[in-house]
Amino acid sequence: MSSVKRFIAGVTCPRCAAMDRIRAWEQNNIRYRECVNCDFFEQLPIEDETAPELTTRVNQVREEQKTQDVQPVRILDPGKPKR
């Protein structure tokens, strides 16, 4: 039985650094990942929790985020009493 191969959005290939070219699927308790741009291929057992997470644009901190000093802001309405 063939399983559905799905592209993973935002993932960068560890070999060729092409973004959005990795597709993944699971078959017989093994997770497969391959790049359609180069010859990168990886297979990992599904039970393996120590497998490194693929780098995506979502799980990386951008340079401008490193330098920003972010502080939470609490907006109060002066017309309403505090609870």
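The legends below describe close-up views of a predicted model.

**View 1. The four-stranded sheet of the predicted model.** Four strands make up an open sheet in which the order is 1-2-3-4 and the pairing is antiparallel. Strand 1 and strand 4 stand at the edges, where each has a single partner strand, so one side of each is left without a neighbour in the sheet. Strand 1, covering residues 6-7, pairs with strand 2, covering residues 22-27, over two bridges, and within this part of the sheet Phe7 lies opposite Arg23 of strand 2.

**View 2. The pairing of strand 2 with strand 3 and the hairpin that links them.** Six bridges hold strand 2 and strand 3 in an antiparallel pair. Ala24 faces Arg33 of strand 3 across this pairing, and Trp25 has Tyr32 of strand 3 as its bridge partner. The hairpin of these strands has two residues between them, and here Asn28 adopts a positive phi near 55°.

**View 3. The pairing of strand 3 with strand 4.** Strand 3, made of residues 30-35, runs antiparallel to strand 4, made of residues 41-45, and five bridges join them. The connection from strand 3 to strand 4 is a hairpin of five residues. Glu34 has Phe41 of strand 4 as its bridge partner.

**View 4. The surroundings of Glu34 in strand 3.** Glu34 counts as buried because its relative accessibility is 16%, where the cut-off for buried is under 20%. The side chain of Glu34 makes a polar contact of 2.5 Å with the side chain of Arg23. When residues up to four places away in sequence are not counted, Glu34 touches Lys5, Arg21, Ile22, Arg23, Trp25, Phe40 and Phe41.

**View 5. The surroundings of Arg33 in strand 3.** Arg33 is likewise buried, and its relative accessible area is 12%. Apart from neighbours within four places in sequence, the residues in contact with Arg33 are Ile22, Arg23, Ala24, Phe40, Phe41, Glu42, Leu44, Pro52 and Leu54.

**View 6. The largest nonpolar core and the contacts of Phe40.** Six residues form the largest nonpolar core, namely Val11, Cys13, Ile22, Cys35, Phe40 and Leu54. In soluble globular proteins, nonpolar side chains tend to be buried together. Phe40, a member of this core, touches Cys13, Pro14, Arg15, Ile22, Arg33, Glu34 and Cys35, with residues up to four places away in sequence left out of the list.

**View 7. The cysteines Cys13, Cys35 and Cys38.** Zero disulfides are found when the whole structure is searched. Cys13 takes part in no disulfide, and the nearest cysteine sulfur to that of Cys13 belongs to Cys38, at 3.7 Å. For Cys35, the closest cysteine sulfur is in Cys13, and because the separation is 3.7 Å, the two are too far apart for a bond; the cut-off for a disulfide is a pair of cysteine sulfur atoms within 2.5 Å. Cys13 counts as buried at 3% relative accessibility, and Cys35 counts as buried at 5% relative accessibility.

Key:
Residues numbered from 1 in each chain as written. Predicted model: local features only at pLDDT ≥ 70, side-chain atom pairs only at ≥ 80, totals over all residues. Heavy atoms only, no water. Pairing = 2+ DSSP bridges. Buried < 20%, exposed > 50% of the residue type's maximum accessible area, 1.4 Å probe, protein only. Core = buried A, V, L, I, M, F, W, Y, C linked by side-chain atoms within 4.5 Å. Contact = heavy atoms within 4.5 Å. Polar contact = N/O pair within 3.5 Å; in protein donor to acceptor, adjacent residues only side chain to side chain.
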